[in-house]
Structure formats: C-alpha cells, structure tokens
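Here's a set of exercises to work through with the viewer open. Try each task on your own before reading its solution.

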Amino acid sequence: AADDHTATIELDLDPSKPFDRVVLAEPIELGQRVRKFRLSVRAAQGVPWQPIAEGTTIGHKRIVRVPSTTAHLLRLEVMDARTQPLISAISVHGATGVR
C-alpha cells in the first residue's frame with residue numbers, strides 16, 4: 001500500500017562464512033526514508049530469529065558493525081520510514097571481504 005512505512009527483506013547466506021559488518025544503502029536520489037531498522041539472523045530453519053543490530057537512518061551508505069556471526073539467513077526489517085522504504089543495496093562483509 002502507498003501508506004506502508006515498513007518492509008522486510010531476507011537474504012540467503014553461506015553459513016560457513018562469518019561476517020562482522022552489514023552494509024546498507026538507500027537510493028538517496030529519492031530521499032532518505034528509513035527512520036528505524038533491525039538486522040536479525042537465523043542459524044537454521046525452525047530456529048528463532050536473533051537480533052544482531054538496530055539503527056535509525058541508512059542514507060547513502062550505512063556500515064553496521066555486528067558481532068562475528070554465521071547464519072543461513074539475514075533479515076532486514078524497516079520498522080519505520082518517512083514514506084515507502086526503498087533499499088538499493090545490502091551486503092555482508094567479514095575479515096576477508098564480501099560474503
């Protein structure tokens with residue numbers, strides 16, 4: 001809906017590769033929209049989601065430091081936005097580069 005100010009995106013990850021940073025980006029030419037977000041991981045199917053970070057704005061590029069983590073799934077929840085949230089990039093990084 002046009003008045004929806006939340007969103008959820010889930011990414012499949014390689015659980016053998018740990019990461020400690022998540023990079024998020026909004027298409028800033030359309031304005032900064034996100035006001036509040038949460039990152040969570042799931043180790044395996046049927047296992048509860050575990051929050052690993054929360055934040056406010058994302059903007060052009062936001063690097064979120066997280067504890068060293070391995071998981072099958074990463075979830076970005078936009079919990080509040082000024083208008084419909086838009087995400088242009090999500091990537092996870094560890095000591096040896098992009099995952």
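**Exercise 1. Around R62**

Which residues does R62 touch, not counting residues up to four places away in sequence? Then place R62 in the fold and classify its exposure.

*Solution.* Keep in mind that this is a predicted model.

- Step 1: start with the location, which is strand β5.
- Step 2: list the contacts. With residues up to four places away in sequence left out, R62 touches V22, V23, L24, F37, G55, T56 and T57.
- Step 3: pick one of those partners and look at the distance. R62 and V23 are 39 residues apart along the chain, and their C-alpha atoms are separated by 5.6 Å.
- Step 4: classify the exposure. Partly exposed runs between the 20% and 50% cut-offs, and R62 has a relative accessibility of 26%, so it counts as partly exposed.

**Exercise 2. The whole chain**

Describe the protein chain: how many helices and strands does it have, and how does its radius of gyration compare with the globule rule?

*Solution.*

- Step 1: count the elements. There are zero helices and eight strands, so the pattern along the sequence reads β-β-β-β-β-β-β-β.
- Step 2: check the compactness. The radius of gyration is 13 Å, close to the 13 Å from the globule rule for 99 residues, so the chain is as compact as a globular protein of that length.
- Step 3: get the box. Along the principal axes, the C-alpha atoms fill roughly 40 × 30 × 15 Å.
- Step 4: turn to burial and surface. Of the 99 residues, 36% count as buried. The accessible surface comes to about 5600 Å², and 49% of that belongs to carbon and sulfur atoms.
- Step 5: look at contact range. Take the contacts with a separation of 6 or more: residues 24 or more positions apart account for 76% of them.

**Exercise 3. An open sheet**

In what order do the four strands of the open sheet come, and why is one side of β1 and of β4 left without a neighbour?

*Solution.*

- Step 1: write down the order, β1-β6-β3-β4, with antiparallel pairing.
- Step 2: find the edges. β1 (7-12) and β4 (50-55) each have a single partner strand, so one side of each lacks a neighbour in the sheet.
- Step 3: add the twist. Ignoring direction, neighbouring strands here are turned by 20 degrees against each other on average.
- Step 4: zoom in on one pair. β3 (residues 34-42) and β6 run antiparallel and are joined by eight bridges. Within this pairing, K36 stands opposite D80 in β6.
- Step 5: examine a residue of β6. E77 is found in that strand. Leaving aside neighbours within four places in sequence, E77 is in contact with A7, T8, K36, F37, R38 and S40. Its relative accessibility of 16% is under the 20% cut-off, so E77 counts as buried.

**Exercise 4. The nonpolar core**

Which residues of the largest nonpolar core touch the most other members, and which strands each supply at least two residues?

*Solution.*

- Step 1: the core has 19 residues, and F19, V22, L24, F37, L39 and L74 touch the most other members.
- Step 2: go strand by strand. β2 (19-25), β3, β4, β5 (62-69) and β6 each supply at least two residues of this core.

**Exercise 5. V34, P85 and G31**

Are V34, P85 and G31 buried or partly exposed? Work out where each one sits as well.

*Solution.*

- Step 1: V34 belongs to strand β3. With a relative accessible area of 0%, V34 is buried.
- Step 2: check the surroundings of V34. Beyond four places in sequence, its contacts include E26, I58, V78, P85 and I87. The C-alpha atoms of V34 and V78 are 6.8 Å apart in space, with their positions 44 residues apart in sequence.
- Step 3: move to P85, in the loop between β6 (73-81) and β7 (89-94). P85 is buried too, at 16% relative accessible area. Among the residues it touches outside that same four-place window are D4, H5, R33, V34 and V78.
- Step 4: finish with G31, in the loop between β2 and β3. At 26% relative accessibility, G31 counts as partly exposed. The C-alpha atoms of G31 and H60 are separated by 9.3 Å, and the two residues are 29 apart along the chain.

Notes:
Residues numbered from 1 in each chain as written. Predicted model: local features only at pLDDT ≥ 70, side-chain atom pairs only at ≥ 80, totals over all residues. Heavy atoms only, no water. Buried < 20%, exposed > 50% of the residue type's maximum accessible area, 1.4 Å probe, protein only. Contact = heavy atoms within 4.5 Å. Pairing = 2+ DSSP bridges. Axes fitted to C-alpha atoms, helices over the stretch in contact; angles between N-to-C directions. Rg over C-alpha atoms; globule rule 2.2 N^0.38 Å. Areas by Shrake-Rupley, 256 points an atom, 1.4 Å probe, with all protein chains shown as cover. Core = buried A, V, L, I, M, F, W, Y, C linked by side-chain atoms within 4.5 Å.
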